[in-house]
Amino acid sequence: MSARIRKRPERLLAQPAIIMLLVWMIVPLAMTLYFSTQYYNLLYPGKSAFVGLENFAYFFTYPSFWTSILNTIILVGSVLVVTVVGGVLISVLVDETFPGQGIVRMLLISPFFIMPTVAALVWKNLLMNPVSGFLAWLWKLFGATPVNWFADWPLFSVITVVSWEWLPFAILIFVTALQSLDREQMEAARMDGARGFAIFRYLTLPHLARPIAVVVMVEAIFLLNIFAEIFVTTNGGPGDATTNVPYLVYTQALLEFDVGAASAGGLVAVVLANIMAVFLIRLIGKSLTEKT
Amino acid sequence: MANRKRNHVARTIRIIASWIVALIVFFPILWMLLTSFKSELDAFSMPPHFVFTPTLENYEQILARANYLHYAWNSIVTAGGATILGMIVAVPAAYAFAYHPTLKTKNILLWMLSTKMLPSVGVLVPIYLICRDLNMLDSKTALIIIFALINLPIMVWMIYTYFRDIPYDILEAARMDGASTGQTMFRVLIPVSRGGLASTALLCLILSWNEAFWSLNLTTTSAAPLTALVASFSSPEGLFWAKLSAVSTLACAPILVLGWLSQRQLVRGLTFGAVK
């Protein structure tokens, strides 16, 4: 009894964190929900009025909205495929010890620490510029016509930049996970005559199942929020070719000052993210109970 | 014998392939570094100059004209402030969750994680308006609070997994000697887990330093950190590649070094303890 009373004040230590996150989550979300039912433009602040679901109707019939949903899905999906497949292959490649392994790993994970605005601008200008970019030179070297990446292949270009930023994350996680792979088991399989691919297929890949799931989910959280890369390279264009949901909400809110419509769009993003979240929570929740 | 020879060849190919892949992945950073030491003319030249007379002109100009130090200071204050604030809130919370769990603790932890999944655009409008009304647009304080909040779930989780690995007996021994909760935390727990706490702080620092959604949307000049300074180079009239590269190199170098030093520990934080 006395033990229980003695413990209670220590539980209060968690309160600041809980309250701060609660406020951070509930207050703005409630406001977003409220604004989404209002006609409210920052340019005409006096004219706000309840409009019901009109903002949603506006969004759902707005052609760019569906484009932005599609772009978001293509962007998230492509980057996930590139980083997971590339990450698995590369981490398996650099798994066995060799001279310089430490340096190779350092080089491989470096892009992850580069800030998004830098990554995007370096790629757009120094590498992908159709006239003086490094890739233009490389293309000419092989007798091909340089490609105007961000003008002709805008979404592909954004995907390239974002994949480059997130490939290192996948490599970092997979390399770490592979270190806990049972070497004796590998050796035994090899003794039994298992070849490279069989080992990869029946030992390595199953071992990586959970890390892959974690990488997919964590990346999905961040990829659904991609903004800066688009902001500094294409401004969502040409047209709406690279407008994703975050960028569309940004244009509605801070360029057109349409608070109501932006809030409706923000809620759509929340719903999209929640679908992802359900899976991630389950996954992490499972690992939590497994280990304790 | 032939088999061993084939193995040797395979191994060599593998090593070479590893190096090639690593250099390709790293190339954009290397190219940025090289370009930062070129003159603007060299930076634009076609075919690109691999050999050139290096110059520090860009760095000098960035420091003198672009007000680099102002932005760097903002980055240090916001990322550093967010890390300190985050740690102050996260350590006690992780302590309570790890050593005084209730039936609800697991659900609270998962709920915290779920706040991380709230997309920033979902709350962009209200946060922008709140900041405007509180006169906190373009303010470092607002960025510190926001950065701390978006990293708080990761920090609590990461510290929680470190605390969970520390045997409770150590704390109990201190308690037996008559130490209060505060003393136990500061004299025993924090020293024992300082490695884990340091890497948690480092992760928060890295993520805040590179954060670009809020820093681009909530600041203009006076509180703008390096991410915003770099973004200002995206306008067509400001297209100076060598200077862009110099700014970028300065902005990324410290974080890159910190990242290299702590790669292993970061895995735990970034995967919420699911991969160690």
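Helices, which are DSSP runs of type H or I with at least four residues, and strands, which are E runs of at least two, are numbered from the N terminus in every panel below.

**Panel 1. Overall view of chain A in the predicted model.** Chain A holds 15 helices together with 2 strands. Its radius of gyration is 24 Å, whereas the globule rule gives 19 Å for 292 residues, so chain A is more spread out than a compact globule. Taken along the principal axes, the C-alpha atoms of chain A fill a box of roughly 80 × 80 × 30 Å. Of the 292 residues in this chain, 54% are buried, and the area that chain A exposes is about 13100 Å², with 69% of it supplied by carbon and sulfur atoms. Among contacts in chain A with a separation of 6 or more, 68% join residues 24 or more positions apart. The chain carries 17 positive and 16 negative charges, and the mean positions of these two sets lie 11 Å apart.

**Panel 2. Overall view of chain B in the predicted model.** Chain B has 14 helices and 0 strands. The radius of gyration is 24 Å for chain B, well over the 19 Å that the globule rule gives for 276 residues, so this chain is more spread out than a compact globule. The C-alpha trace of chain B spans about 75 × 70 × 35 Å along its principal axes. Buried residues make up 58% of the 276 residues, while the exposed area of chain B is about 11900 Å², of which carbon and sulfur atoms supply 67%. Residues 24 or more positions apart account for 75% of the contacts in chain B with a separation of 6 or more. For the 20 positive and 12 negative charges of chain B, the mean positions are 15 Å apart.

**Panel 3. Close-up of helix 7 of chain A and the glycine just after it.** Helix 7 of chain A covers residues 134-141, and A:Phe134, A:Leu135, A:Ala136 and A:Trp137 in this helix are buried. Just after the helix, A:Gly143 takes a positive phi of about 75 degrees.

**Panel 4. Close-up of two asparagines with positive phi, A:Asn235 and B:Asn135.** Most residues other than glycine have a negative phi. A:Asn235, which is not a glycine, has a positive phi of about 55 degrees, and its place is in the loop between helix 13 (228-233) and helix 14 (245-255) of chain A. In chain B, phi of B:Asn135 is near 60 degrees, and this residue is in the loop between helix 6 (124-133) and helix 7 (140-164). B:Asn135 counts as exposed because its relative accessibility of 69% is over the 50% cut-off.

**Panel 5. Close-up of B:Lys38, a buried lysine in a loop of chain B.** B:Lys38 is found between helix 1 (2-36) and helix 2 (40-44) of chain B. Its relative accessible area is 2%, under the 20% cut-off, and B:Lys38 is therefore buried. Leaving out residues up to four places away in sequence, B:Lys38 touches B:Trp31, B:Ala43, B:His49, B:Phe52, B:Thr55, B:Asn58 and B:Ala242.

**Panel 6. Close-up of the surroundings of B:Trp214 in the largest nonpolar core.** This core has 194 residues, of which B:Phe97, B:Phe163, B:Trp214 and B:Leu226 touch the most other members. Neighbours within four places in sequence aside, the contacts of B:Trp214 include A:Trp24 from chain A and, in chain B, B:Ser120, B:Val123, B:Leu124, B:Ile127, B:Leu143, B:Ile146, B:Phe147, B:Ile150 and B:Thr219.

Technical notes
Residues are numbered from 1 along each chain as its sequence is written. Chains are lettered from A and ligands numbered from 1 in the order in which they are written. This is a predicted model: local features need pLDDT of at least 70, side-chain atom pairs count only at pLDDT 80 or more; totals for chains, interfaces and linings use all residues. Side-chain values use heavy atoms; hydrogens and water are left out. The radius of gyration is taken over C-alpha atoms; the globule rule is 2.2 Å times the number of residues to the power 0.38. Buried means under 20% relative accessible area, exposed over 50%, partly exposed in between (1.4 Å probe, protein chains only). Contact means heavy atoms within 4.5 Å. Accessible areas come from the Shrake-Rupley method with a 1.4 Å probe; for residues, only the protein chains shown count as cover. Lys and Arg count as positive and Asp and Glu as negative; His and the chain ends are not counted. The place of a charge is taken as NZ of Lys, CZ of Arg, CG of Asp or CD of Glu. A nonpolar core is a set of buried Ala, Val, Leu, Ile, Met, Phe, Trp, Tyr and Cys residues joined through side-chain atoms within 4.5 Å.
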